[in-house]
Amino acid sequence: MGEDPETFTQQDIDRSIAYLFPSGLFDKRARPLMKHPDEIFPKQQAVQWGADGRPFHFLFYTGKQSYYSLMHDTVAKVLAAEKQQVLLLSEGPVPQDTKPISLVGSRWLLKEELEELLVETISDHDYARFIQLMERLLSLPNCLSEKDFVQRYRKQLEIQSSKQQVAPLQYDENGVAYSTADGRRKTATCTVLLRDCGSGSISINGRDYLHYFPVLQDREQLMFPFHFLDMLGRFDGQCTVGGGGRSSQAGALRLAISRAMLSFLSEGQVESMRQAGLLTPDPRVKERKKPGQEGARRKFTWKKR
Amino acid sequence: MWRACQSERHLGQYYTLPTSHLHTIFPHGLPARYQQQVKTFNEGCVMVRQPALELISYLKAADYSKPAVRYLLYGLKGSGKTMSLCHTIHYCSTQGWLVLHIPDAHLWVKNCKELLPSSYHTSRFDQPIEASNWLRNFRTTNERFLSKIKLRQRYTWTKRESTEKGSPLGELVDMGVSRVKSSSDVVGAVLKELRLQAAETEESEGFRLAVAIDGVNSLWGRTTIKKEDKSPVAPEELTLIHNLRKMIDNNWCGGAVIATLSQTGSLYSPSSAYLPKELLGEEGFDSMDPFIPVPVSNYSEKEFESCYLYYLDRHWLQHPHSENEGKKEIIFLSNRNPSVLERLCAFL
């Protein structure tokens, strides 16, 4: 097919399978795929006992051997750290130069993730006890040596703001800065062209925004990005919008305006906009109607007889 | 009291209408929300704006021996056409003119509860309730003229009732108010008399006639009134509308016709229409042609500031942010449209 077999990555495999076996199914998980068996089949526990029927692990008869062995190891580390602390104190008060393990930018593994790691089911109570024990370990001053052990059970969080792509500012003939952006909400799509002019006029589909949105609520939605950044009279907007209803058009415009304004802003302002929720597209769409029910959730009237 | 000496220097400033004038000149003329505001603030203040000043300057400069000039106020919804009209009417009445004010011509073409076949002309229809209401208000507005003007013709209403030639207009109006059945014909008679007599000059007991019509586009549109066999009534078949159209024709001298277009009350017209051609239609435009169009737009920055300061002065805006931060928000949300601004400030 003209592809290089040496540098064929998993992404290329996915692409080729999607091309060779086109499928119209809606659920992505139902489509044909070709991946490493470890990713497809869930991990199963290997056989825990030998030919003579005797289990390998000494904690097999507890039922949750990996969980209890993990707890066992953690407790051993806690005791070791306490013993070391007692020793150091008996030698004399030493200035504390051991720093605690940094926990910023990571979180504890969730119960489901821990279950996946240990390949066996745990109860909520067990999970809570595990987290308690780890916190106790971290509270001791000499825990720096156990850093790797602890990091195995914490997950790193990505910094959300680094994912935001900001388009560069464009300039038209007169030197006026402008930027365009798109927005979508629940079948309404729109495009916005923001110009850094000085008048606060916004035209939607050729008409004034006061006439396009007679309802106050929609105009307040339009006002939100400007008001948040205190730039109410600064920009001039030209928008086109189609599809959806009144409220979804207003929501789509709001998203498009916030995205268009990004190129005029500094990093800190972009981060504050993201935290305010102005840059998040609203994922809510109309839920499908199911057979045997009158609507998406509403059931037919139940008659006793 | 700055009655006749308003000029461009006073653009954007408010002047107070005396309460007596409010009751006599405007028993039925002001917009509903403005009347509520007058009641709340206990005074009626009108802002001096460009369209009204322009109209007043035209009226001052016009020649009244020529046929009546027609002025048309048009603009976006809520931009202040009716208020400018009322401002001009106030000026006219303080100058001693006779004001014929029809507050909303749309009310005459829809929601008619009683429709009588006209006695005068068989194919036309009468609207007794609207006609008698209007005559009552006309009487309040123009008290002093009622005794001065004498009728030129004898009018017979029924076999026994008639109004003699030379009797004062007041008698005719009273008759119209009391005899509700023939009130539409009385209206027609009143209009005809005023039309004929306005042509005289001021020395020989003449007067100047100002015809002010709000919602003039209803005269040539469609009506929602139906005859008994459910067929729609055309506007020409209504006596009141027929007589009004005769007034608008510029075949009489000694006065002016000031009209406002209104989309809000009009029937079967899209809400984005505000230009004269769209709202008047072909027929209306031809009848009104030639006219002087006066555009009315949203508040300018200076006018907006003045309105905002007026509300602050009256303590209408109670929110603590109203002084500084809220102003920009309000400008954005209302886009300086007077009616939207007023509605917005109502709950602040």
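**Close-up views of chains A and B**

**View 1. Helix H3(B) runs past helix H4(B) with a right-handed crossing (near helix turned clockwise from the far one by less than a right angle; anticlockwise would be left-handed).** This is a predicted model, where local features need pLDDT of at least 70 and side-chain atom pairs count only at pLDDT 80 or more, while totals for chains, interfaces and linings use all residues; side-chain values use heavy atoms, without hydrogens or water. Residues are numbered from 1 along each chain as its sequence is written, with chains lettered from A and ligands numbered from 1 in the order written. H3 covers residues 50-61 of chain B and H4 covers residues 81-94 of chain B; the pair packs at about 35°, axes 9 Å apart (lines fitted to C-alpha atoms over the stretch in contact, angles 0 to 180 degrees between N-to-C directions). Helices (H or I, at least four residues) and strands (E, at least two) are DSSP runs, numbered from the N terminus. On the H3(B) side, look for B:Pro51, B:Ala52, B:Leu55, B:Ile56, B:Leu59 and B:Lys60. They meet B:Ser84, B:His87, B:Thr88, B:Tyr91 and B:Cys92 of H4(B), contact being heavy atoms within 4.5 Å. Sorted by class, that gives 7 nonpolar, 3 polar and 1 charged residues (nonpolar: Ala, Val, Leu, Ile, Met, Phe, Trp, Tyr, Cys, Pro; charged: Asp, Glu, Lys, Arg; polar: the others, Gly among them).

**View 2. Helices H5(B) and H8(B) cross left-handed.** H5 spans residues 128-141 of chain B and H8 spans residues 183-197 of chain B; their axes come within 8 Å and cross at roughly 45°. The two helices are therefore oblique to each other (roughly parallel is under 35 degrees, roughly antiparallel over 145, roughly perpendicular 65 to 115, oblique the rest). From H5(B) come B:Pro128, B:Ala131, B:Ser132, B:Trp134, B:Leu135 and B:Phe138. Facing them in H8(B) are B:Ser183, B:Ser184, B:Val186, B:Val187, B:Val190 and B:Leu194. No charged residue takes part here: the tally is 9 nonpolar and 3 polar.

**View 3. Helix H11(B) packs against helix H13(B).** The pair, residues 301-313 and residues 338-345 of chain B, sits at an angle of about 25° with axes 12 Å apart. That makes the two helices roughly parallel, and their crossing is right-handed. H11(B) brings B:Phe304, B:Cys307 and B:Tyr311 to the contact, and H13(B) brings B:Leu341, B:Glu342 and B:Cys345. By class there are 5 nonpolar residues and 1 charged residue, with no polar ones.

**View 4. Helix H13(B) is largely enclosed by the rest of the structure, since 6 of its 8 residues are buried.** Buried means under 20% relative accessible area, exposed over 50%, partly exposed in between (1.4 Å probe, protein chains only). The buried set is B:Pro338, B:Val340, B:Leu341, B:Glu342, B:Leu344 and B:Cys345. Both chains supply the surroundings: these residues pack against H7 (209-212) and H8 (216-228) of chain A, plus H2 (32-41), H11 and H12 (325-334) of chain B.

**View 5. B:Cys307 and B:Cys345 are not bonded to each other, their sulfurs being 6.8 Å apart, too far for a bond.** A disulfide would put the two sulfur atoms within 2.5 Å, and the count over all chains comes to 0. B:Cys345 has B:Cys307 as its nearest cysteine sulfur and is in no disulfide. Both side chains are tucked away: B:Cys307 is buried at 2% relative accessibility, and B:Cys345 is buried at 0%.

**View 6. A:Asp230 has a positive phi, near 65°, without being a glycine.** Find A:Asp230 in the loop between H8 and strand S8 (236-242) of chain A. With a relative accessible area of 63%, A:Asp230 is exposed.

**View 7. B:Lys230 also has a positive phi, near 65°, in a residue other than glycine.** The loop here lies between strand S9 (209-214) and helix H9 (239-248) of chain B. B:Lys230 counts as exposed, at 65% relative accessibility.

**View 8. A:Ser106 sits in strand S1 (residues 106-108) of chain A.** At 8% relative accessibility, A:Ser106 is buried. Setting aside neighbours within four places in sequence, A:Ser106 touches A:Arg154, A:Lys155, A:Gln156 and A:Leu157.

**View 9. B:Ser20 belongs to helix H1 (residues 19-25) of chain B.** B:Ser20 is partly exposed, at 48% relative accessible area. From B:Ser20 to B:Trp252 it's 232 residues in sequence and 32 Å in space, C-alpha to C-alpha.
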